[in-house]
Every structure is written in C-alpha cells, then in structure tokens.
Amino acid sequence: QVQLVESGGGLVQPGGSLRLSCAASGFTFSSYWMYWVRQAPGKGFEWVSIINTGGEIAHYAASVKDRFTISRDNAKNTLYLQMSSLKPEDTAAYYCARPVANSRGYDYWGQGTQVTVSS
C-alpha cells in the first residue's frame with residue numbers, strides 16, 4: 001500500500017527555518033514527480049512545490065519561491081522541504097503528495113505535519 005509519512009514540523013519563530021521530510025513506501029518513489037501541498041486553518045489545499053523524478057527540476061508557488069527548497073533522496077525514498085525565512089502566513093499542515101499523471105491533482109498524500117510560525 002502507498003504510504004507517505006511527513007515529519008519535521010513544529011513551532012518556529014518568524015524568520016526561522018524548518019526542514020520537513022516525507023518517507024515514501026509502497027510504490028516506486030523514484031518513478032514519480034512529487035508535490036508538497038499545505039492547508040492553512042480554515043482554508044483549502046494550496047500547492048507549494050513540485051519536483052521531478054531525478055530532482056533536477058523544481059517549481060514553487062510564488063508565495064514560497066526563494067524561501068523554500070524542495071529536494072529528494074531516491075535512495076532513501078524520501079522527499080524534503082527546506083523552509084527558510086518563515087512567515088506567519090506559512091502556518092499550515094504540510095503534506096507530501098503523489099501527482100496523478102497528466103493532471104494537476106494527486107492521488108495519495110500523507111497524514112501531514114503541522115508548521116506553526118509565531119512569535
């Protein structure tokens with residue numbers, strides 16, 4: 001079965017940094033592009049970033065560009081999101097997700113890890 005397990009969230013002050021991890025199993029991780037998405041309190045899911053299978057191509061939402069970096073280690077079946085210069089508006093539950101081919105959607109995501117940016 002497909003499993004995506006996020007970790008690394010927590011409480012951080014504005015301007016701080018966090019590194020999120022997503023451990024993948026139950027599928028050939030290296031064959032999939034991967035997403036990070038997030039959900040702020042009372043809001044819907046927002047796409048954050050995407051990375052290609054080999055890690056050479058990455059795209060970001062304008063709201064996080066130049067502050068977040070997506071990466072992956074296919075040998076460890078792990079996806080990462082390095083977050084820097086965090087802002088209160090980054091507060092959300094963060095999820096890794098597996099994209100659906102030829103779609104902007106996704107078919108699997110994890111349980112999420114909470115990131116709270118507050119002083």
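Two strands count as paired when DSSP finds at least two bridges between them. Keep that in mind, everyone, as we start with a hairpin. And a quick reminder before we go in: what you see above is a predicted model.

So, the hairpin. It is made of strands S7 and S8, with 4 residues between the strands. S7 covers residues 68–73 and S8 covers residues 78–83, and the two run antiparallel to each other, with 6 bridges between them. If you want a landmark for the pairing, find Ile 70, which sits opposite Leu 81 of S8.

Now look at how S7 alternates. Which residues make up its covered face? Those are Phe 68, Ile 70 and Arg 72. On the uncovered face you find Thr 69, Ser 71 and Asp 73. So Ile 70, our landmark opposite Leu 81, belongs to the covered side of the strand. We will meet Ile 70 again at the end.

Let's move along to the turn itself. Asn 77 belongs to the loop between S7 and S8. Its phi is positive, about 50°, although Asn 77 is not a glycine. Is Asn 77 buried, partly exposed or exposed? It is partly exposed, because its relative accessible area is 29%, and the cut-offs for that class are 20% and 50%.

Going on past S8, there is another residue of this kind. Ser 85 has a positive phi of about 50°, and again the residue is not a glycine. You will find Ser 85 in the loop that leads from S8 to strand S9, residues 92–99. With a relative accessible area of 42%, Ser 85 is partly exposed.

Next, charges. How many salt bridges does the structure hold? There are 4, and I'd like to walk you through some of them, beginning with Arg 38.

Arg 38 meets the side chain of Glu 46 in a salt bridge, 2.8 Å from N to O. The two partners sit in quite separate accessibility classes: Glu 46 counts as partly exposed at 32% relative accessibility, while Arg 38, at 5%, counts as buried.

Arg 38 also has a salt bridge with Asp 90, where the closest N and O atoms are 3.0 Å apart. This pair links distant parts of the chain: Arg 38 is in strand S4, residues 34–39, Asp 90 is in the loop between S8 and S9, and 52 residues separate them. Both Asp 90 and Arg 38 are buried.

Then stay on Asp 90, please, and turn to Arg 67. Those two form a salt bridge as well, with 2.7 Å between the closest N and O atoms. Why does this pair tie together separate parts of the sequence? Because Asp 90 lies in the loop between S8 and S9, whereas Arg 67 lies in the loop between strand S6, residues 58–60, and S7, and the two are 23 residues apart in sequence. Asp 90 has a relative accessible area of 1%, so it is buried. Arg 67 counts as buried too, at 12%. Put the shared partners together and you get one network of Arg 38, Glu 46, Arg 67 and Asp 90.

From charges to sulfur. The structure holds 1 disulfide, formed by Cys 22 and Cys 96, with the sulfur atoms 1.8 Å apart. This pair links distant parts of the chain: Cys 22 in strand S3, residues 18–25, and Cys 96 in S9, 74 residues apart. Which hand does the disulfide have? The torsion about the S-S bond is about 50°, so the disulfide is right-handed. As for accessibility, Cys 22 counts as buried at 0%, and Cys 96 counts as buried at 0% as well.

One last stop: Ser 49, in strand S5, residues 45–51. At 0% relative accessibility, Ser 49 counts as buried. What does its side chain reach? It reaches the backbone oxygen of His 59, at 2.9 Å. Setting aside neighbours within four places in sequence, Ser 49 is in contact with Met 34, Tyr 35, Trp 36, His 59, Tyr 60 and Ile 70. And there is Ile 70 again, from the covered face of S7.

That's my tour, so please spin the model around and find these residues for yourselves. Thanks, everyone!

Definitions and conventions:
Residues are numbered from 1 along each chain as its sequence is written. This is a predicted model: local features need pLDDT of at least 70, side-chain atom pairs count only at pLDDT 80 or more; totals for chains, interfaces and linings use all residues. Side-chain values use heavy atoms; hydrogens and water are left out. Buried means under 20% relative accessible area, exposed over 50%, partly exposed in between (1.4 Å probe, protein chains only). A disulfide is a pair of cysteine sulfur atoms within 2.5 Å. A polar contact is a pair of N or O atoms within 3.5 Å; within protein, one must be able to donate a hydrogen and the other to accept it, and residues adjacent in sequence count only if both atoms are side-chain atoms. Contact means heavy atoms within 4.5 Å.
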